[in-house]
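Open the model in your viewer and keep the sequence panel beside it. The stops below each give a selection and then say what is there.

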Amino acid sequence: SLIGRLMLDLPEEMGLIAVAVRQTQGKGRGGNVWLSPMGCALSTLHLSIPLHSNLGQRIPFIQHLVSLAVVEAVRSIPGYEDIELRVKWPNDIYYSDLMKIGGVLVNSTLIETTFHILIGFGFNVNNSNPTICINDLIAKFNREEGTELKALSADCLIARTVTVLERLIEVFQEKGPNGVLPQYYKYWVH
């Protein structure tokens with residue numbers, strides 16, 4: 001809600017992100033309450049997308065791009081490519097096809113010719129409860145494969161997610177859905 005109040009007071013070319021260490025009033029799909037303990041990567045990102053751009057004409061794709069960006073944030077790190085993170089349509093982050101470890105919620109507002117998009121995303125990084133977390137998957141991979149991959153931090157993964165998302169948006173704006181769908185299908189649970 002803080003970002004929502006600030007987003008219209010900033011210059012259009014300026015991005016805005018809020019990062020939380022713990023969340024007690026998060027929102028899930030369908031108005032569900034989303035509680036997040038310590039150890040999660042939690043943030044809300046504001047983006048401005050022109051209505052008459054490729055992505056502006058297909059704005060529902062943003063939730064898929066963000067989900068893909070979260071998975072790519074981990075799996076694009078050398079050595080971490082086989083950590084079994086996946087995207088589940090439309091907006092969930094999964095461990096294999098077994099359990100949810102995160103999600104994305106997108107709200108958009110069209111003002112004149114610009115979509116103002118608030119993207120809330122969160123995923124378990126260093127908290128084993130209530131399900132499993134990315135660092136549990138890394139530890140499991142290390143045991144099974146005899147590797148020594150380091151645990152990842154929430155702040156690093158949020159930064160990597162935003163960086164990957166920027167690249168995915170650029171590709172989508174240039175090539176449309178076909179520029180990102182092969183990458184999405186590569187990590188698709190279905």
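Start with the hairpin of β7 and β8 in this predicted model. Two residues lie between its strands, and E112 takes a positive phi near 55° there. Select E112 in the loop between β7 and β8; the residue is not a glycine, yet its phi is positive. Is E112 buried or exposed? With a relative accessibility of 73%, E112 counts as exposed, because the cut-off for that class is over 50%.

Now extend the selection to both strands of the hairpin. β7 covers residues 99–111 and β8 covers 114–124. Ten bridges pair the two strands in the antiparallel sense. To find one place in the register, pick G103, which stands opposite G122 in β8.

Keep β8 selected and look at its other side. β4 and β8 run antiparallel and are joined by eleven bridges. Label C40 and N124: N124, in β8, is the bridge partner of C40. Colour β8 by accessibility as well; the strand is mostly covered, with ten of its eleven residues buried.

Next, show the whole sheet. In what order do its six strands lie? The order is β1-β4-β8-β7-β6-β5, the pairing is antiparallel, and the sheet is open. The edges are β1 (16–20) and β5 (85–88), each with a single partner strand, so one side of each has no neighbour in the sheet. On average, neighbouring strands are turned by 20° against each other, direction ignored.

Move to the β5 edge. Strand β6, residues 92–95, pairs with β5 through four bridges in the antiparallel sense. V87 and I93 make a useful pair to label, since V87 stands opposite I93 in β6.

Two loops at this end are worth a stop. In the loop between β5 and β6, select P90. The peptide bond from W89 to P90 is cis, and its omega is near 0°. Then go to S96, in the loop between β6 and β7. S96 is not a glycine, but its phi is positive, at about 50°. Its relative accessibility is 18% and S96 counts as buried, because that class takes in values under 20%.

Bring in the helices that lie across the sheet. Which strands does α2 lie across? Helix α2, residues 61–75, lies across β4, β5, β6, β7 and β8, and runs at about 175° to β5. Helix α4, residues 154–175, lies across β1, β4 and β8. The angle of α4 to β4 is about 25°.

From α4, turn to the second largest pocket. β4 and α4 each supply at least two residues of its lining. Select G15, L45, H46, L47, S48, I49, V162, L165, E166, I169 and E170 to show the lining of this pocket. The space in the pocket comes to about 160 Å³. Coloured by class, its lining shows six nonpolar, three polar and two charged residues.

I49 and I169 from that lining also appear at the next stop, L55. Select L55 in the loop between β4 and α2. With 0% relative accessibility, L55 counts as buried. Which residues beyond its sequence neighbours within four places does L55 contact? They are I49, F61, I62, L65, I169, F172 and Q173. Add a distance from L55 to K175: the two are 120 residues apart in sequence, and their C-alpha atoms are 9.9 Å apart.

Two of those contacts of L55, F61 and L65, lead on to the last stop. How many cavities of 30 Å³ or more are there? The count is one. Its space is about 40 Å³. Select F61, H64, L65, L68, V180, L181 and Y184 to show what lines the largest cavity. Helix α2 gives the largest share of this lining, four residues, and α5 (181–186) also supplies at least two. By class, six of the lining residues are nonpolar, one is polar and none is charged.

Notes: Residues are numbered from 1 along each chain as its sequence is written. This is a predicted model: local features need pLDDT of at least 70, side-chain atom pairs count only at pLDDT 80 or more; totals for chains, interfaces and linings use all residues. Side-chain values use heavy atoms; hydrogens and water are left out. Two strands pair if DSSP finds at least two bridges between them. Axes are lines fitted to C-alpha atoms, for helices over the stretch in contact, and angles run from 0 to 180 degrees between N-to-C directions. Contact means heavy atoms within 4.5 Å. On a 1 Å grid over the protein atoms alone, a cavity is a set of points where a 1.4 Å probe fits but cannot get out, and a pocket is an open set with protein on both sides within 12 Å along at least five of seven lines; lining residues have an atom within 4 Å of a point. Grid points are joined across faces, edges and corners, and a volume is the space filled by probe spheres set on the points. Ala, Val, Leu, Ile, Met, Phe, Trp, Tyr, Cys and Pro count as nonpolar, Asp, Glu, Lys and Arg as charged, and the others, Gly among them, as polar. Buried means under 20% relative accessible area, exposed over 50%, partly exposed in between (1.4 Å probe, protein chains only).
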